[in-house]
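Open the model in your viewer, show the side chains as sticks, and keep the sequence panel at hand. Each stop below says what to select and what is there.

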Amino acid sequence: QVQLVESGGGLVQAGGSLRLSCAASGRTFNPYAMGWFRQAPGKEREFVAVIRWSSGITSYADSVKGRFTISRDSAKNTVYLQMNSLKPEDTAVYYCAADRGSRRYLTGTPSEYAYWGQGTQVTVSS
């Protein structure tokens with residue numbers, strides 16, 4: 001019932017920036033949190049960042065802390081990921097995700113999220 005659509009991926013030089021967006025649509029949308037995950041070829045999907053929908057409290061993976069910023073516009077049911085100082089190691093398909101709203105804590109575990117976008121490719125060249 002909830003659809004998430006990512007946009008903003010592309011090719012960028014190392015040290016550059018990209019801003020990803022994820023718009024949610026559906027009759028009802030009341031998540032506890034929305035997050036960003038990424039998956040590189042041959043690797044498991046990994047946590048990037050998460051934001052608590054009501055308060056805006058955030059949490060980040062150590063690999064992106066200080067470089068990436070997650071934010072949301074609740075009125076638009078949209079979450080963003082501002083990515084600065086990009087590195088080739090950031091190359092991956094990036095997915096946004098949302099939970100069902102019943103959680104009481106932030107988590108970076110993919111299985112805890114019920115709704116997923118289709119993914120958007122981010123490629124960082126050296």
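Start by selecting Arg 103 and Asp 99: their side chains meet in a salt bridge, 3.6 Å from N to O. A salt bridge here is a side-chain nitrogen of Lys or Arg within 4 Å of a carboxyl oxygen of Asp or Glu. Arg 103 and Asp 99 are both buried, where buried means under 20% relative accessible area, exposed means over 50%, and partly exposed lies in between (1.4 Å probe, protein chains only).

Before going on, note that this is a predicted model, in which local features need pLDDT of at least 70 and side-chain atom pairs count only at pLDDT 80 or more, while totals for chains, interfaces and linings use all residues. Residues are numbered from 1 along each chain as its sequence is written, and side-chain values use heavy atoms, with hydrogens and water left out.

**Salt bridges**

How many salt bridges does a search of the whole structure find? The search finds five. For another of these contacts, select Asp 90 and Arg 67, whose side chains meet in a salt bridge at 2.7 Å, N to O. This pair links distant parts of the chain: Asp 90 is in the loop between S8 and strand S9 (92-98), and Arg 67 is in the loop between strand S6 (58-60) and S7, 23 residues apart. Strands (E, at least two residues) are DSSP runs, numbered from the N terminus. Asp 90 is buried, with a relative accessible area of 1%, and Arg 67 also counts as buried, at 11%.

Now add Arg 38 and Glu 46, which form a salt bridge with the closest N and O atoms 2.7 Å apart. Is each of these residues buried or partly exposed? Arg 38 is buried, with a relative accessible area of 5%, whereas Glu 46 counts as partly exposed at 33%. Keep all four residues selected: Arg 38, Glu 46, Arg 67 and Asp 90 are linked in a network of salt bridges.

**Aromatic rings**

Next, colour the aromatic side chains. A search of the whole structure finds five aromatic pairs. Rings of Phe, Tyr and Trp (its six-membered ring) pair if their centres lie within 6.5 Å; planes under 30 degrees apart count as stacked, over 60 as edge-to-face and the rest as tilted.

Select Phe 29 and Trp 53, an edge-to-face pair with 5.8 Å centre to centre and 85° between the planes. Phe 29 lies in the loop between strand S3 (18-25) and strand S4 (33-39), and Trp 53 in the loop between strand S5 (46-52) and S6, so the pair ties together parts that are 24 residues apart in sequence. Phe 29 is buried, with a relative accessible area of 11%, and Trp 53 is buried, with 9%.

Then select Phe 37 and Tyr 113, another edge-to-face pair, at 5.3 Å centre to centre and 70° between the planes. Phe 37 lies in strand S4 and Tyr 113 in the loop between S9 and strand S10 (115-116), so this pair ties together parts that are 76 residues apart in sequence. Both Phe 37 and Tyr 113 are buried. Add Phe 47 and Trp 116 to see one aromatic cluster formed with Phe 37 and Tyr 113.

Two rings have a charge over them, meaning that NZ of Lys or CZ of Arg is within 6 Å of the ring centre and within 35 degrees of the ring normal. Over the ring of Tyr 80 sits the charged end of Arg 19, 4.1 Å from its centre. Over the face of Tyr 95 lies Arg 45, at 3.8 Å from the ring centre.

**Strands**

Switch to a cartoon view. Four strands form an open sheet in the order S1-S3-S8-S7, with antiparallel pairing; two strands pair if DSSP finds at least two bridges between them. Strand S1 (3-7) and strand S7 (68-73) stand at the edges, each with a single partner strand, so one side of each is left without a neighbour in the sheet. S7 and strand S8 (residues 78-83) pair over six bridges, and the partner of Arg 72 in S8 is Val 79.

Finish at strand S11 (residues 120-125), whose covered face is Thr 120, Val 122 and Val 124 and whose uncovered face is Gln 121, Thr 123 and Ser 125. Four bridges join strand S2 (residues 10-13) to S11, and these two run parallel; Gly 10 stands opposite Val 122. S9 and S11 pair in the antiparallel sense over three bridges, with Thr 120 in S11 as the bridge partner of Tyr 94.
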